[in-house]
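Grab a pencil and open the viewer. Here are some exercises on reading a fold, each with a worked solution.

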Amino acid sequence: FLGIPELSNIDEMTAVGLVINDLSMHDPSRDLVLAGTQQNVELKMALDQEQHKLTLLEDSMNKLDVEMRKTDELVNQMIPKQVAERLRGGGESVSEVFESVTIIFSDVVGFTTICSNLKPMQVVNMLNQMYTIFDILSEQHGVYKVETIGDAYMGVAGAPIRIPNHAELVADLCLDLMHA
């Protein structure tokens with residue numbers, strides 16, 4: 001060449017009809033073209049690695065969201081939703097004093113005698129059906145189910161949500177439970 005062609009990449013070089021061997025071994029254009037190509041390859045590899053990391057991060061975030069939902073569901077089954085929300089909010093204390101609440105304790109009369117005549121799975125099914133009805137009725141009456149142990153059922157009205165007619169709600173629940 002009488003001059004040095006200004007080329008920044010292989011595409012420009014092939015566009016003017018040259019190949020890398022057409023350039024002198026010590027031609028600065030050759031170094032620029034090769035360096036540009038090398039840089040493009042390195043940038044492409046770095047971009048691919050970052051995209052892979054981003055995919056892994058998105059997968060991890062999705063898995064974390066699933067686990068957070070499971071945790072929320074579990075916490076909401078164990079404690080009242082209002083208390084769980086206060087805990088998540090980072091409040092200093094979730095304990096409260098309630099001036100007046102009504103608590104229901106129920107027990108199946110003759111449970112031991114009933115169970116002695118049933119197979120274990122029949123007892124489990126009976127309790128499951130009974131407490132499913134209790135849970136539905138408790139929710140309908142605004143009574144929070146505190147605990148079930150064996151044939152004992154405990155609920156409360158007036159806490160964690162303050163309701164002035166809590167005794168009436170529990171009385172109505174009791175009447176409905178007797179008819180259920």
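The exercises below go from the sheet to the helices and then to a few local details; keep in mind that this is a predicted model.

**Exercise 1. Work out the strand order of the three-stranded sheet, and say which strands stand at its edges.**

Solution. Start with the pairings.
- Strand 1 is joined to strand 3 (residues 152-157) by five bridges, and the two run antiparallel.
- Strand 2 also pairs with strand 3 in the antiparallel sense, again over five bridges.
- Put together, that gives an open sheet with the order 1-3-2.
- Strand 1 (102-106) and strand 2 (144-149) each have a single partner strand, so they are the edges, and one side of each has no neighbour in the sheet.
- As for twist, neighbouring strands are turned by 15 degrees against each other on average, ignoring direction.

**Exercise 2. Find the bridge partners in strand 3 of Thr102, Ile103, Tyr144 and Glu147.**

Solution. Take the strand 1 side, then the strand 2 side.
- Thr102 bridges to Ala157.
- Ile103 has Val156 as its partner.
- Over on the other side, Tyr144 is bridged to Val156. So Val156 serves as partner to Ile103 and to Tyr144.
- Glu147 is matched with Met154.

A reminder while you trace these: strands of a sheet pair through backbone hydrogen bonds.

**Exercise 3. Look at the hairpin of strand 2 and strand 3: how many residues lie between the strands, and what is the phi of Gly150?**

Solution. Count the gap, then check the backbone.
- Two residues sit between the strands.
- Gly150 takes a positive phi, near 60 degrees.

**Exercise 4. Place helix 5 and helix 6 against the sheet, then describe how they meet.**

Solution. Begin with each helix on the strands.
- Helix 5 (residues 120-140) lies across strand 1, strand 2 and strand 3, at about 5 degrees to strand 3.
- Helix 6 (residues 166-179) lies across strand 1 and strand 3, at about 20 degrees to strand 1.
- Now the helix pair: their axes come within 10 Å and cross at roughly 150 degrees.
- Angles over 145 degrees count as roughly antiparallel, so helix 5 is roughly antiparallel to helix 6.
- The crossing of helix 5 past helix 6 is right-handed.
- Helix 5 brings Phe134, Leu137 and Ser138 to the contact, while helix 6 brings Leu173, Asp176 and Leu177.
- Sort those contact residues and you get four nonpolar, one polar and one charged.

**Exercise 5. Decide what kind of aromatic pair Tyr131 and Phe134 form.**

Solution. Distance first, then angle.
- The structure has three aromatic pairs.
- For Tyr131 and Phe134, the ring centres are 5.6 Å apart.
- Their planes stand at 75 degrees, and so the pair is edge-to-face.
- Along helix 5, these two are three residues apart, which means about one helical turn separates them.
- Phe134 also turns up in the contact of helix 5 with helix 6.

**Exercise 6. Locate the cis peptide bond that involves Pro160.**

Solution. Find the proline, then read omega.
- Pro160 is in the loop between strand 3 and helix 6.
- The bond joining Ala159 and Pro160 is cis, with omega about 0 degrees.

Definitions and conventions. Residues numbered from 1 in each chain as written. Predicted model: local features only at pLDDT ≥ 70, side-chain atom pairs only at ≥ 80, totals over all residues. Heavy atoms only, no water. Pairing = 2+ DSSP bridges. Helix = DSSP H or I, 4+ residues; strand = E, 2+ residues; numbered from the N terminus. Axes fitted to C-alpha atoms, helices over the stretch in contact; angles between N-to-C directions. Contact = heavy atoms within 4.5 Å. Parallel < 35°, antiparallel > 145°, perpendicular 65-115°, else oblique. Left-handed = near helix turned anticlockwise from the far one by under 90°. Nonpolar A, V, L, I, M, F, W, Y, C, P; charged D, E, K, R; others polar. Phe/Tyr/Trp six-rings, centres within 6.5 Å; stacked < 30°, edge-to-face > 60°.
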